[in-house]
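Me: Please take a close look at one metal site in this structure, and then work outward from there. I am in my first year, so plain wording would help.

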Amino acid sequence: MSSESFIEKIASQQADKGLVSSRIRTKIMKEDVVLEVVNLKKFFNIPIPFETTWFMLAFVAAVVVFAFSTTIGLALMGGVIVLYFLLPNVPPFNKRPKVAHLKAVDGIDLHIRKGKIVGLVGESGCGKSTAAKTIIRLLEPTAGSVYFKGIDINRLTSVEMKEIRRHLQIVFQDPYASLNPRATAHDIIIEPFDIHGVASGDEASYKVLSLLKDVGLAPHHAYRYPHEFSGGQRQRLGIARALALEPDFIVMDEPVSNLDVSVRAAIIQLILELQNKMGLTYLFIAHDLSLVKILCDETNVMYLGKIMESGTSDEIFENMMHPYTKALISAVPIADPTKRSKKIFLTGDIPTPINPPPGCKFQTRCPLVSDICRLEEPPARWYSATHVAYCHNIEGGEENPQVYVK
Amino acid sequence: MSRPPEEILLKINGLKTYFFTEEGVVKAIESIDIVVHKSETLGLVGESGSGKSVTALSILGIVPDPPGKILEGEVLFHGQDLRKLSDSEMRKIRGNQIAMIFQDPMTSLNPVFTVGDQISEAIILHQKVSKKEAREKSIKIMSLVGIPSADERVDNYPFEFSGGMRQRVMIAMALSCNPELLIADEPSTSLDVTIQAQILELLKATSEEFDMSIILITHDMGVIAEMCNRVAVMYAGYICEAGDIMIIFKSPYHPYTRGLLGAIPRPDAAREDLTIIRGSIPNLINPPSACRFHPRCDYWMDGLCETVLPDIVEIEPGHNVRCHIYTEEGKAWMQQHGEKREISTMPKKAITG
Ligand SMILES: Nc1ncnc2c1ncn2[C@@H]1O[C@H](COP(=O)(O)OP(=O)(O)OP(=O)(O)O)[C@@H](O)[C@H]1O
Ligand SMILES: Nc1ncnc2c1ncn2[C@@H]1O[C@H](COP(=O)(O)OP(=O)(O)OP(=O)(O)O)[C@@H](O)[C@H]1O
Ligand code: SF4
Ligand code: SF4
Ligand SMILES: [Mg+2]
Ligand SMILES: [Mg+2]
């Protein structure tokens, strides 16, 4: 059975069972949506190790007030010197380490149409990579759904998922860590063919060579190991591998962030070429906003696990509404000395994603913060059918995007 | 932006620094000439491995030896050659008159001492003040670099600070002795843009307030455009072009500068305007001969560029280029071969003004 009809079959099966709402199905079909992400959450459970906390207290030599039976205490009360030697493993306390939730992704929506390059931007640690991995089901979400061409991928069996996985590929943030160091480029690219039984023998080897050529590597590179490549070449290798099964959709997680300018531009050209040639759809993760501005059709701005604002790149870069987007874009250094821009400086600390404050995630640094921001999640304000920002204190906009649909 | 004043603070002539390693001699810096005027910010830009950090270390005389060695050149600070100074004289200059912020802030702060102790130590090392005065000075300088409630945070350890705050502490230490020249090696590269903007603003403000000159090392052309009066572009151990940023961003003369500017997204530019520099950065153990850029250059003059190192040509006062397109030899070559070499202009849309 061809892949397309396989996707259709599963999609209609799921629809018949009522697993995918008809509203979402119609939307996906009408707008040719490749990927629809609804309220996705991914929490990590972090054990809080008590013993370390205790040990630290001793180390910092703070005034320790309590002496527990488990600590070997030496108290010279007369000389007012109090010394506690705390054992790194204090039995009753490390039995059940307390668990905290790190909300890496806390309810994001994405809407990715065929042939588009959709940007996901935000500062380090805001959850971009976690979102990317959850979207292609390398991580199971804590809540929320991901529809790929109308299929709820989190309801697929592992056999079905394997078939679908061909169409959902990722180029990882760190190409070095994600490529097997003991396999040659040839072996790395041929592996997906083996896994999916797509091609073998000479045919597969021929395909490998043509993929290498597609990404601008030479045939003699096929027998090199990852460490024998430069950063830019390794990134190409990761792209070649992701392309091997002719996917529809590729997540590019910071594909150029660690590369030098001249190499970076070459990879960007490659991404654009492949989009033209194969009609690929991309989710492009980056923190270089100047690049996202010219490369992406649409842009999503993320902060501490949440989308703050989404829209077409023009809407985000020319007509941003959210205070965080404004600060972020104003902070980007512009490579034109005649255009030194006025910056918005953010004060305040960035909260940890472990037990973040209630209400708006941006409250600790926001210049517009008010009382309600500390209590309630900000509502959506729609400025066009595609442009939405989540904030209590911005002007204009509509509560419902339907207003803009004729 | 005001014109850079003309008083020269630092002048480097023909600096050459090699590393003698087991794999071979790394010809990291072949010939560097730099001028830094009083109270100006000079950007030193180039791709990874082009020799930016080694240039900085060479100025301060702290190139790790072995394997590194400064082989030739002068480093004139107020007209005095720093390379001729004794170790103890040089130590006095470092930290007092010239300070440096290193590329990796975490490795240059000691994790077991409080931030305040470390700043105080830097102050006491260079100034005759008591411990108490040094502590007060530390608090003052910490609030100056924008660390909130500095009088409390002075007793914190580095791990209790965020990356951006640690970077500020580094800057506070560097500024604690009112240096005349600050060398900042990628002071904001690993930081998020919102934090980067604060750090750069801080540098700008201190430079203006204290008349301090800065050599700002970065590979980000955006940072250069926002911060600097002049820029020096490095490629594989040479300065290929140096001059006023307004001129260089508008009409670069060197093929590599042109390539570098074409390869970055500029405001108003379109996807199609992004151009690439083919090939890759050379291995400095066995670098290309003469003009080290020649294997990647679209303007290469066969027979000339790979055999004769182009001299520095002064296009106009303060704007220098090292490329045969502007040398007498190059002009002769063009005449002889009946070919013209002219740098293509930047896309119109990208530059206005
Ligand atoms: N496996 C994990 N276990 C626990 N916490 C994790 C795990 N992976 C990521 N995190 C945490 O989740 C948050 C989001 O991480 P993520 O890697 O998604 O960020 P990012 O936006 O991709 O950042 P960067 O730009 O630095 O790549 C961070 O606070 C991170 O420490
Ligand atoms: N201690 C050393 N031993 C041997 N080679 C070195 C040493 N330090 C630097 N080099 C070499 O000198 C060259 C220039 O290095 P340098 O650190 O100045 O580059 P850079 O321009 O600062 O790059 P980056 O942007 O990556 O910081 C490189 O080829 C590097 O490998
Ligand atoms: S909801 Fe409040 S805190 Fe959040 S961005 Fe809007 S104004 Fe700022
Ligand atoms: S000297 Fe020749 S090879 Fe070098 S940059 Fe100029 S034209 Fe290109
Ligand atoms: Mg990431
Ligand atoms: Mg460096």
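Reply: Start with A:Q173, which counts as partly exposed because its relative accessibility is 33%, and partly exposed is the class from 20% up to 50%. The model is predicted, and every value below is computed from it.

A:Q173 matters to your request as one of the protein donors of the magnesium ion (ligand 5). The donors are the OE1 atom of A:Q173 and the OG atom of A:S129, at 1.9 to 2.2 Å from the ion. These two residues come from distant parts of the chain, 44 residues apart. A:S129 sits in helix 5 of chain A, which covers residues 128–135, while A:Q173 sits in the loop between strand 8 (168–171) and helix 7 (175–178) of chain A.

Is A:S129 buried or exposed? A:S129 is buried, because its relative accessibility is 18% and the limit for buried is under 20%. A:Q173, at 33%, is partly exposed, so the two donors fall on either side of that limit.

The donors also meet each other directly. The side chains of A:S129 and A:Q173 are joined by a polar contact of 2.9 Å. Leaving aside residues up to four places away in sequence, A:S129 touches A:Q173 and A:D253.

Moving outward, consider a salt bridge in chain A. A:K149 and A:D248 meet through their side chains in a salt bridge, with a distance of 3.0 Å from N to O. A:K149 lies in the loop between strand 6 (143–148) and strand 7 (151–152) of chain A, and A:D248 lies in the loop between helix 10 (231–243) and strand 9 (249–253) of chain A, so the bridge ties together parts that are 99 residues apart in sequence. A:K149 is partly exposed because its relative accessible area is 24%, whereas A:D248 is buried because its value is 18%.

Chain B has salt bridges as well. B:R230 forms one with B:E40, and the closest N and O atoms are 2.8 Å apart. This pair also links distant parts of its chain, 190 residues apart: B:R230 is in strand 9 (residues 230–235) of chain B, and B:E40 is in the loop between strand 2 (24–37) and strand 3 (41–45) of chain B. B:R230 is buried because its relative accessibility is 9%, and B:E40 is buried because its relative accessibility is 1%.

Another salt bridge in chain B joins B:R341 and B:E339, with the closest N and O atoms 2.9 Å apart. Here B:R341 is buried at 15% relative accessibility, and B:E339 is partly exposed at 37%. Salt bridges can also form a network, as they do among B:K16, B:E30, B:E72 and B:R292. Over all chains, the structure holds 26 salt bridges.

How many salt bridges are there between chain A and chain B? The count is two. A salt bridge of 2.8 Å, N to O, joins the side chains of A:K343 and B:E226. Across the interface of the two chains there are also 15 residue pairs in polar contact. On the side of chain A that touches chain B, helix 11 (261–278), helix 12 (289–295) and helix 14 (323–331) of chain A each supply at least two residues. Helix 11 of chain A gives the most, with eight residues. Sorted by class, this side of chain A has 21 nonpolar, seven polar and nine charged residues.

How far does the contact reach? It takes in 37 residues of chain A and 43 residues of chain B. The area buried between chain A and chain B is about 3,600 Å², and carbon and sulfur atoms give 62% of it. A:I294, A:A335 and A:R340 together supply 18% of the area that chain A buries against chain B, more than any other three residues.

For one last position in chain B, look at B:D117, found in helix 4 (residues 115–126) of that chain. B:D117 is partly exposed because its relative accessibility is 43%. From C-alpha to C-alpha, B:D117 and B:I70 are 34 Å apart in space, and they are 47 residues apart in sequence.

Note on methods:
Residues numbered from 1 in each chain as written. Chains lettered and ligands numbered in written order. Predicted model: local features only at pLDDT ≥ 70, side-chain atom pairs only at ≥ 80, totals over all residues. Heavy atoms only, no water. Contact = heavy atoms within 4.5 Å. Buried area = accessible area lost by both parts, 1.4 Å probe. Salt bridge = Lys/Arg side-chain N within 4 Å of Asp/Glu carboxyl O. Polar contact = N/O pair within 3.5 Å; in protein donor to acceptor, adjacent residues only side chain to side chain. Helix = DSSP H or I, 4+ residues; strand = E, 2+ residues; numbered from the N terminus. Nonpolar A, V, L, I, M, F, W, Y, C, P; charged D, E, K, R; others polar. Donors = N, O, S within 2.8 Å, 3.2 Å for Na, K, Ca; no water. Buried < 20%, exposed > 50% of the residue type's maximum accessible area, 1.4 Å probe, protein only.
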